[in-house]
Amino acid sequence: MGVKRWLVLFAACTFAGALGFLHFTWTGPLHFTATRWILWLNRFMEPEVMPLYVVGVGLMVLALGGAFWSIAMLNRSMLRGTGTAPGTPVVDLIYERRHLARGARVVTVGGGTGLSNLLMGLKVHTGNITAVVTVADDGGSSGRLRESLDMIAPGDLNDCYAALSDSPVLARLLLHRFGRGDGIEGHTFGNLMLATLSEEQGGLGAAMQDIHDVLRVRGQVFPATTQPTTLVAGLDDGREIRGESQLASSVGKARIREVRLDPPDLPALPAVLDAIKEAEMIVLGPGSLFTSIIPALLIPEIAQAVCDSAAPLVYVASLMTEPGETTGLTLEDHVTAIYAHLGRMPDCVLMNSEPVPQPVRERYAAEGASVLDLTGASRDLRGRVRSAPLLQDGQARHDPAALAAALLNLIARARSAA
């Protein structure tokens with residue numbers, strides 16, 4: 001924290017000041033007063049028992065202790081004046097902030113629950129997180145707000161703000177969904193707040209700094225683009241499906257060949273491009289392949305920045321296929337789809353090494369999903385795969401802490417190899 005150096009300087013200056021004061025009193029007009037003071041103190045010490053200078057040493061120690069105590073009380077008063085509650089572990093908090101400020105620079109790309117879970121795990125280790133979030137959702141609360149206000153979909157953004165907020169109360173409020181109320185039923189508080197800021201500022205792009213400050217976000221959360229867009233999927237049977245919310249239910253027995261955005265040439269925020277340029281690692285997912293990860297990569301400037309970046313590109317493989325969206329696709333198909341839309345192959349594919357419990361497999365199988373593994377994978381893909389135990393409590397979802405630790409371990413290896 002850089003505290004010890006200032007304590008040493010304070011002690012050295014105090015000692016030098018004491019020597020200066022001693023010289024002044026001995027050679028100046030206070031010589032007589034100082035002599036009387038010394039003789040008065042000597043009355044409390046017997047030279048035969050203990051040297052007389054011990055009195056001076058004791059006095060110096062008491063004076064120095066009083067000085068440090070007064071500084072501590074001054075700091076406490078100032079902290080109270082700034083609203084810090086008494087009893088708050090301020091030193092620990094300051095140390096944590098400084099430690100996080102030196103953490104790895106990670107850019108995450110995607111949306112949905114997978115991305116917000118990853119962010120919850122990463123924020124314990126670093127404050128240098130930038131989440132680039134897809135905003136093509138057109139269903140639920142996000143879809144209603146988007147249609148009525150002509151704004152980008154706020155839902156995935158809201159989940160990420162809640163995940164990175166330093167305030168547990170704010171995080172809980174952001175995710176609160178109104179169960180009643182004319183016009184607000186079904187909306188989350190966070191979605192309504194983002195809609196308010198978008199309306200007031202003429203778009204969420206202009207409100208980014210306000211949002212980060214108000215929500216006390218650890219890191220940064222940005223939309224992939226600040227303009228409304230629609231996801232369009234082309235199927236291998238020649239059909240096209242418009243709208244993310246229609247995708248899973250309309251694919252049927254066909255497979256998704258490609259996805260695109262309408263309109264296609266959308267701008268990215270400069271802060272997003274700067275974060276990608278400075279990143280030590282770019283993480284894709286975890287999340288839905290065609291509705292969370294790839295849509296954020298369809299912004300031309302983002303795709304170009306990711307392709308130009310020297311940082312390792314890591315794809316966090318899904319645990320299961322998704323009915324209607326990736327039914328029947330192998331892990332190789334997932335990676336190939338990313339390459340086809342982005343133009344860059346992931347340098348590393350992070351996979352879970354723990355077996356999914358049989359009851360969970362059976363439950364997902366009843367819905368048309370299956371475990372995503374290395375069946376049929378090429379030698380090239382197997383060479384890119386890194387495995388770690390990532391399962392959360394035997395469920396078919398990633399554990400935030402384990403996933404963050406695995407990614408940071410990859411960063412540490414990349415640093416040592418550089």
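This passage describes the overall form, the sheet, the packing and selected residues of a predicted model.

The protein has 18 helices and ten strands. Its radius of gyration is 30 Å, well over the 22 Å that the globule rule gives for 418 residues, so the protein is more spread out than a compact globule. Along the principal axes, the C-alpha atoms fill a box of roughly 105 × 55 × 40 Å. The exposed surface of the protein is about 22,100 Å². Carbon and sulfur atoms supply 58% of that surface. Of the 418 residues, 43% are buried. Contacts were also examined by sequence separation. Among those between residues at least 6 apart in sequence, 70% join residues at least 24 apart.

Seven strands form an open sheet. Their order is 3-2-1-7-8-9-10, and the pairing is parallel. Strand 3 (220-223) and strand 10 (385-388) stand at the edges. Each has a single partner strand, so one side of each is left without a neighbour in the sheet. From one strand to the next, the twist averages 25°. Within the sheet, strand 1 (residues 106-110) runs parallel to strand 7 (residues 281-284), and four bridges join the two. V107 has I282 of strand 7 as its bridge partner.

Helix 7 (residues 155-164) packs on this sheet. The helix touches strand 2 (129-133) and strand 3. Its direction makes about 175° with that of strand 3. Nine of the ten residues of helix 7 are buried, so the helix is largely enclosed by the rest of the structure. The buried residues are G155, D156, L157, N158, C160, Y161, A162, A163 and L164.

Y161 of helix 7 also has a place in the nonpolar interior. The largest nonpolar core holds 99 residues. Within this core, Y161, Y315 and L407 touch the most other members. Beyond its neighbours within four places in sequence, L407 is in contact with L118, M281, V283, V314, V316 and L350. M281 and V283 lie within the span of strand 7, residues 281-284. A second, separate core has six residues, including M320, V356, V360 and A396.

Two further residues were examined individually. S142 is found in helix 6 (residues 140-149). Its relative accessibility is 3%, under the 20% limit, so S142 counts as buried. Residues up to four places away in sequence aside, S142 touches D137, A153, P154, G155 and N191. One of these contacts, G155, is among the buried residues of helix 7.

E185 lies in the loop between helix 8 (168-174) and helix 9 (189-201). Its relative accessibility is 47%, so E185 counts as partly exposed. Not counting neighbours within four places in sequence, E185 is in contact with R144, F178, G179 and R180. The span of helix 6, residues 140-149, takes in R144. E185 and S141 are 44 residues apart along the chain. Their C-alpha atoms are separated by 9.0 Å.

Definitions and conventions: Residues are numbered from 1 along each chain as its sequence is written. This is a predicted model: local features need pLDDT of at least 70, side-chain atom pairs count only at pLDDT 80 or more; totals for chains, interfaces and linings use all residues. Side-chain values use heavy atoms; hydrogens and water are left out. Two strands pair if DSSP finds at least two bridges between them. Axes are lines fitted to C-alpha atoms, for helices over the stretch in contact, and angles run from 0 to 180 degrees between N-to-C directions. Contact means heavy atoms within 4.5 Å. Buried means under 20% relative accessible area, exposed over 50%, partly exposed in between (1.4 Å probe, protein chains only). The radius of gyration is taken over C-alpha atoms; the globule rule is 2.2 Å times the number of residues to the power 0.38. Accessible areas come from the Shrake-Rupley method with a 1.4 Å probe; for residues, only the protein chains shown count as cover. A nonpolar core is a set of buried Ala, Val, Leu, Ile, Met, Phe, Trp, Tyr and Cys residues joined through side-chain atoms within 4.5 Å.
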